[in-house]
Protein chains: 2
Amino acid sequence: MNFLEEKIRTDGIVLNEKVLKVDTFLDHQIDVSILNKIADYFKEKWSDLNFDKVLTIEASGIAIATVVAQKFNVPLVFAKKSKTLNISDDVYTADVMSFTHQKMNKVIVSKEVLNKDENILIIDDFLAHGEALTGLISICKQAGANVSAIGIAIEKAFQKGGEKLREQGYKIESIARINKMDATSREIEFIQ
Amino acid sequence: MNFLEEKIRTDGIVLNEKVLKVDTFLDHQIDVSILNKIADYFKEKWSDLNFDKVLTIEASGIAIATVVAQKFNVPLVFAKKSKTLNISDDVYTADVMSFTHQKMNKVIVSKEVLNKDENILIIDDFLAHGEALTGLISICKQAGANVSAIGIAIEKAFQKGGEKLREQGYKIESIARINKMDATSREIEFIQ
C-alpha cells in the first residue's frame, strides 16, 4: 500500500458502498504532509513532462492542485462554479453534473488564463463518474489547449469515470484506486 | 512597495472605486511564486507564534491558506459554504453576507476538525467589510478555539472591516492595504 492508501485505511470512513469520507485529511481539514507527498508523487511520475499550467475545479481540488503547481513551478487555474447564468463572452463554460448535490453546475474559466497549445495538467481530489473531468477537458478543448495528463488523489474505480476517460486516450494517474467499499464491514479494497 | 503591492500595480485591474480584479495572479489563475512569498511573509511576521491550525473559507482563500499551512507545518481547515439548510448537529455554522453575490451564505465547519483551546491562524485573500472574517471568528468562538492571528493578502482599508476588527483587539496583518482606488485613472493608493 502507498501512503495515501494507508491514510485512507486509517482515517477514511466508508459511509456506504459509494461514499468515502475523507474530511479529516483531504477535503475539509487537510493534512499538509499528505499534500506534499501527493505533489512529490506526481512530480516523480511525470518528471519527463513539461506542463504550462495546472487546472482544477473549486473547491476541494484547490489545495491539492496548489501544491502540485508549486512543485512543477507553473501557474494554477481553478475553474469556478458560476453563481449566475449571466456568463459574459470572455469565458469558457461547461456543464458539470454534481452527484453529491444532485444538480447541474455551470463551471467557467476566463479566456485570458487558458491559451491555445498550452500543456495542461488537470488535478482533482476525486474521480468517480468523471463528470468534473469531462467538464475540464471540454474547457481545455474550447481553448485549444492540450490535456497532457490528469492526476487524481482518489479514484472510485467502480464508478467507471476513469475507465471511460482512459479508453478515450487520456493519461490518468490515480494515487489510490478503490475497487470496492463494503458498507457493512467498512472495508476498502484497492486496485494494485 | 512590497512584492504584492508591486504585483497589484502591474497586474491588478481597478474595475471601479470598490472592485479590484486580481484574476490573473491571485483568485482564478494563481501565481505560485506570489503564493510562496505570501507564505514567507507571514512566517517571518509570526516566527514567534505557534499555531495549531490554519482556517480559511472556500473558495478563493484556499490556495493562499494551503501554502501558509505548509510553511507553518500545521493542518489547514476550510469552512464550506453549505448548499442546503439541512445542517446536522455536528457542525459549527455562521451566516456570512456576500457583497459580491448579494446574498447570505451559511458557512460550516465540522466539529471534529476544530477544537477547544487550539490556536488558530485565519487566512483569507481579501478583507473588505469583514463579513467572512466575522463568520470565521464566530466559528472559532463556538469551538472555544483562540484566534491567534489573521493574515490577509489584500485589505481594502476604505471598506472598514479591518478597522472594526482591529478595534476589537484582533491581530491582523495585511500584506497590501489599499487606501483608495480611482475609477477614472485606475490608480491605487496603498497605506504604508
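**Exercise 1. Locate A:D117 and describe its backbone.**

Solution. A:D117 lies in the loop between β7 and β8 (119-127) of chain A; helices (H or I, at least four residues) and strands (E, at least two) are DSSP runs, numbered from the N terminus. Next, consider phi: for A:D117 it is near 70 degrees, a positive value in a residue other than glycine. Most residues other than glycine have a negative phi, and most peptide bonds are trans.

The model is predicted: local features need pLDDT of at least 70, side-chain atom pairs count only at pLDDT 80 or more, and totals for chains, interfaces and linings use all residues. Residues are numbered from 1 along each chain as its sequence is written, chains are lettered from A and ligands numbered from 1 in the order in which they are written, and side-chain values use heavy atoms, with hydrogens and water left out.

**Exercise 2. State which peptide bond of chain A that ends at A:A59 is cis, and place that residue.**

Solution. The bond runs from A:E58 to A:A59, and its omega is near 0 degrees. A:A59 belongs to the loop between β4 (53-57) and α3 (62-72) of chain A. In chain B, the peptide bond from B:E58 to B:A59 is cis, with omega near 0 degrees, and B:A59 sits in the loop between β4 (53-57) and α3 of that chain.

**Exercise 3. Determine how chain B is related to chain A.**

Solution. Begin with the superposition, done by least squares on the C-alpha atoms of residues with pLDDT of at least 70 in both copies. Chain B can be laid on chain A with an RMSD of 0.0 Å by a turn of 180 degrees and a shift of 0.0 Å along the axis. That is the relation of a two-fold axis. Turn then to the surfaces: 100% of the interface residues of chain B are also interface residues in chain A, so the copies meet through the same surface.

**Exercise 4. Describe the extent and composition of the interface between chain B and chain A.**

Solution. First, count residues: 35 from chain B and 35 from chain A are in contact (heavy atoms within 4.5 Å). Second, take the buried area, which is the accessible area (1.4 Å probe) that two parts lose on being put together, summed over both. This area is about 2,800 Å², of which carbon and sulfur atoms give 62%. In chain B, B:H28, B:Q29 and B:V32 lose the most area to chain A, together 23% of what that side buries.

Third, examine the polar terms. The rule finds two salt bridges across the interface (a side-chain nitrogen of Lys or Arg within 4 Å of a carboxyl oxygen of Asp or Glu). The side chains of B:E112 and A:K21 form a salt bridge at 3.0 Å, N to O. Finally, β3 (29-30), α2 (32-45), α3 (62-72), β5 (76-81) and β7 (103-110) of chain B each supply at least two residues of the side that touches chain A. Of that side, α3(B) gives the most, with six residues.

**Exercise 5. Trace the strand pairing from chain B into chain A.**

Solution. Two strands pair if DSSP finds at least two bridges between them. Start at β3(B), which is joined by two bridges to the antiparallel strand β5 (residues 76-81) of chain A; here A:L76 stands opposite B:I30. Continue within chain A: β5(A) pairs with β7 (residues 103-110) in the antiparallel sense over two bridges, and the bridge partner of A:K81 in β7(A) is A:V107. End at β6 (residues 91-98) of chain A, which pairs with β7(A) in the antiparallel sense over eight bridges, with A:Y92 opposite A:V109.
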